[in-house]
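Me: I should like to go through this structure and ask, for each term used, what justifies it.

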Protein chains: 2
Amino acid sequence: MNMNEIAKIAGVSNATVSRAFRTPEKVRPELKEKIFKIAAENHYVYNASAADLKRRVSNTVGVLFQQRIGAVFSKTFMAIQETLLEKNISVIIGHTQFKPEVESQLLQQFLERQVAGIILSGFTKENKTLIKKFSSQGIPSVIIWEILKGSDFNYVGIDNHNAAFKATEYLIGLGHRRIGLLIGPYQKMERIQNRYDGYKDALTKNKIEIDQSIVISSELGFLQGKEAMHRLLKAADRPSAVFAASDYLAMGALKAIKEAGMKVPKDISLMGLDDAEFAAYCDPPLSTVRGPAREIGKIAAKILLEIKDEPGLPPKQYCLDSDLIIRDSCAPHF
Amino acid sequence: MNMNEIAKIAGVSNATVSRAFRTPEKVRPELKEKIFKIAAENHYVYNASAADLKRRVSNTVGVLFQQRIGAVFSKTFMAIQETLLEKNISVIIGHTQFKPEVESQLLQQFLERQVAGIILSGFTKENKTLIKKFSSQGIPSVIIWEILKGSDFNYVGIDNHNAAFKATEYLIGLGHRRIGLLIGPYQKMERIQNRYDGYKDALTKNKIEIDQSIVISSELGFLQGKEAMHRLLKAADRPSAVFAASDYLAMGALKAIKEAGMKVPKDISLMGLDDAEFAAYCDPPLSTVRGPAREIGKIAAKILLEIKDEPGLPPKQYCLDSDLIIRDSCAPHF
DNA sequence: AAAAATTATGTATACGTATACATTTGGATA
DNA sequence: TATCCAAATGTATACGTATACATAATTTTT
């Protein structure tokens with residue numbers, strides 16, 4: 001059952017049937033109803049593959065994540081999908097697990113499926129080349145959760161440097177001078193690098209020397225945070241505060257501190273970043289920095305929709321505010 | 001640039017080019033290399049839409065989630081994608097937000113995109129009809145995280161009744177007789193209903209009367225768990241233990257208990273279900289029941305691949321074991 | 001009421017691939 | 001060397017839609 005058969009039954013041409021589905025305003029109401037009725041009676045299913053082929057682009061957007069869809073990205077992703085669903089656009093998703101070959105394979109899939117656009121969480125040197133490949137094919141892309149000042153990419157995210165800077169200055173403002181850092185894989189992820197820099201710049205601005213012995217980089221995760229914190233606790237001249245540049249690391253650190261028989265914030269202050277869903281519910285509730293996760297997804301999706309309607313516009317770049325969320329995990333230090 | 005043009009340059013027929021890509025073993029090695037070389041030089045991109053149209057099925061699987069991709073589903077989803085990636089199958093994803101109209105729209109998308117199969121997390125009366133629509137079109141479906149004994153659906157999940165039963169009996173075994181229940185929206189989700197039943201059957205088997213006043217149903221979430229627990233704490237004849245049939249509810253409950261100035265497990269025992277990622281890291285670490293989240297995703301994907309190769313097999317049904325995870329949130333009661 | 005402008009519908013074809021069927025090639029067998 | 005068989009390649013077409021262009025029907029304008 002296809003449009004031709006419906007056309008035959010309805011006594012109209014296939015063009016009219018096609019119009020009834022894609023541009024209903026161009027078909028006389030009664031005729032349209034008749035066509036829909038026949039379609040329904042015959043269990044007709046619109047064939048998107050055929051339409052995609054003919055139109056040379058699919059009603060589909062590819063979303064690429066580097067890591068697991070965790071507490072934060074989940075919200076962004078939901079917003080992306082909800083926004084695109086309004087235009088009946090499907091979402092193809094892929095996570096790269098940080099593996100360049102997986103990343104290539106997924107982007108190749110997107111290309112072959114004629115996606116109308118791509119959304120990339122995170123920016124890597126590898127995918128820079130790949131993104132160019134998309135734009136050379138006229139496929140718009142948006143990078144999320146990352147700010148790429150001075151580039152001509154579309155992006156929407158928070159200023160990670162500033163978020164980490166704010167968090168660090170908050171601790172300094174509480175009187176802390178010796179502040180440890182738990183940081184993710186900054187070599188692999190631009191935004192983690194930015195957070196690292198934000199921490200360093202905050203210390204420098206306040207004339208505090210950076211001590212690499214209380215900076216620990218690890219993968220993102222509870223376990224990694226716990227292990228890193230245990231190492232920090234063993235350090236000579238233990239820090240009075242720790243900034244974990246991801247709530248996952250912070251939650252793991254929290255556990256390590258408790259295991260060592262100490263209390264947060266009495267014995268040590270702990271600051272997170274991301275405002276993961278569990279941050280408000282751990283004990284003590286974690287002070288952190290929150291980015292507008294849903295907003296980011298929504299804007300990213302809208303950017304794609306706008307470019308679709310009007311290609312060739314200058315790059316759209318959004319740097320959204322992040323908010324310091326003060327809870328109970330940091331105390332003054334004298 | 002398409003296969004015809006490549007064929008022209010290579011001096012072969014388009015059929016040979018097509019074979020070089022889809023069934024490379026049918027093309028002489030040197031010729032194949034030549035074709036690939038020309039394709040690469042001309043930045044050729046395989047057009048999946050055209051192939052989908054011709055083959056009348058796409059290299060795509062649709063995955064439908066009811067709720068946010070949280071701590072547990074995330075793992076399942078990752079496993080699905082990894083498994084399908086091996087066969088270069090793309091994943092279209094959608095979450096229904098429990099809205100029947102969204103569910104219909106997404107499934108309609110899947111249908112129109114000629115998906116090779118669908119994976120559904122959760123089973124509802126609404127989607128039962130829709131699933132039938134898929135099978136009538138010859139599209140296989142797998143339901144995950146749900147056991148549908150006696151049906152002819154493909155499914156892979158844990159026995160939710162048994163998981164809740166185990167958890168409840170564990171508390172009873174510790175001497176608790178008055179056990180509160182925090183339960184999700186059991187009217188909407190079959191597996192939550194099963195958990196509810198598991199709780200009730202465990203009590204009944206142990207000759208404990210069910211007291212509706214200490215059973216609270218709410219949406220799934222930290223906040224909802226906290227609020228429900230606060231209500232439970234105000235109850236006359238407060239329970240000595242609470243079974244939260246989702247770790248999200250349990251984590252919220254934990255907070256409520258602390259806010260009330262009580263300690264877990266000294267003053268009240270708390271049992272979760274799901275083994276969400278944060279369960280091991282909250283304070284105290286939460287005793288819970290763990291289902292094989294990755295395994296479920298992996299098997300679901302494999303079922304689809306098997307059916308693809310050999311349609312018409314009897315339904316594949318997997319009921320996987322769940323494990324009681326004893327941590328520190330439950331204490332004996334005398 | 002005729003002409004013009006607008007709207008609705010029809011005709012015909014292309015999108016790029018997969019594959020049934022036909023043909024050729026190359027090597028093995030007798 | 002003639003015959004046969006398998007492997008490699010070619011020919012031709014269909015998959016179902018969208019749309020440019022042509023035409024017919026309807027409304028608006030004069």
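Me: Which base atom of DNA strand C does a polar side-chain atom of B:N14 lie beside, and what makes this a polar contact?

Reply: The partner of the B:N14 side-chain atom is a base nitrogen of DNA strand C, at 3.2 Å. A polar contact is a pair of N or O atoms within 3.5 Å; within protein, one must be able to donate a hydrogen and the other to accept it, and residues adjacent in sequence count only if both atoms are side-chain atoms. The value of 3.2 Å therefore meets the cut-off of 3.5 Å.

Me: On what basis are such values given, and how are residues and chains named?

Reply: This is a predicted model, in which local features need pLDDT of at least 70 and side-chain atom pairs count only at pLDDT 80 or more, while totals for chains, interfaces and linings use all residues; side-chain values use heavy atoms, with hydrogens and water left out. Residues are numbered from 1 along each chain as its sequence is written, and chains are lettered from A and ligands numbered from 1 in the order in which they are written.

Me: What makes the backbone of A:S13 and that of B:M3 partners of DNA strand C?

Reply: A polar backbone atom of A:S13 is 2.8 Å from a phosphate oxygen of the strand, and one of B:M3 is 2.7 Å from a phosphate oxygen. Both pairs therefore qualify as polar contacts.

Me: Why are residues said to surround DNA strand C, and which are the closest?

Reply: A residue is near a strand if one of its heavy atoms lies within 4 Å of it. For DNA strand C, 28 residues are counted, the closest being A:R19, B:S18, B:R22, B:Y44 and B:Y46. Of the strand atoms within 4 Å of the protein, 62% belong to sugar or phosphate and the rest to bases. α2(B) gives the most to this surface, with 5 residues.

Me: What makes A:S18 a partner of DNA strand D?

Reply: An N or O atom in the A:S18 side chain is 2.5 Å from a phosphate oxygen of DNA strand D, and A:S18 is among the residues that come nearest to this strand. The side chain of B:R28 also has an N or O atom 2.6 Å from a phosphate oxygen. For A:N2 the corresponding value is 3.5 Å; the cut-off reads "within 3.5 Å". The largest share of the surface near DNA strand D, 5 residues, comes from α2(A).

Me: How are the residues near DNA strand D divided into classes?

Reply: They comprise 11 nonpolar, 9 polar and 8 charged residues. Ala, Val, Leu, Ile, Met, Phe, Trp, Tyr, Cys and Pro count as nonpolar, Asp, Glu, Lys and Arg as charged, and the others, Gly among them, as polar.

Me: Why is the pair A:R113 and B:D52 called a salt bridge?

Reply: The term requires a side-chain nitrogen of Lys or Arg within 4 Å of a carboxyl oxygen of Asp or Glu. Here the closest N and O atoms are 2.9 Å apart, so the pair qualifies. The count between chain A and chain B is 4 salt bridges.

Me: How do you know that chain A and chain B are in contact, and what area is buried?

Reply: Contact means heavy atoms within 4.5 Å, and 53 residues of chain A meet this with 53 residues of chain B. Buried area is the accessible area (1.4 Å probe) that two parts lose on being put together, summed over both. Between these chains it is about 5,100 Å², with carbon and sulfur atoms giving 53%.

Key:
Helices (H or I, at least four residues) and strands (E, at least two) are DSSP runs, numbered from the N terminus.
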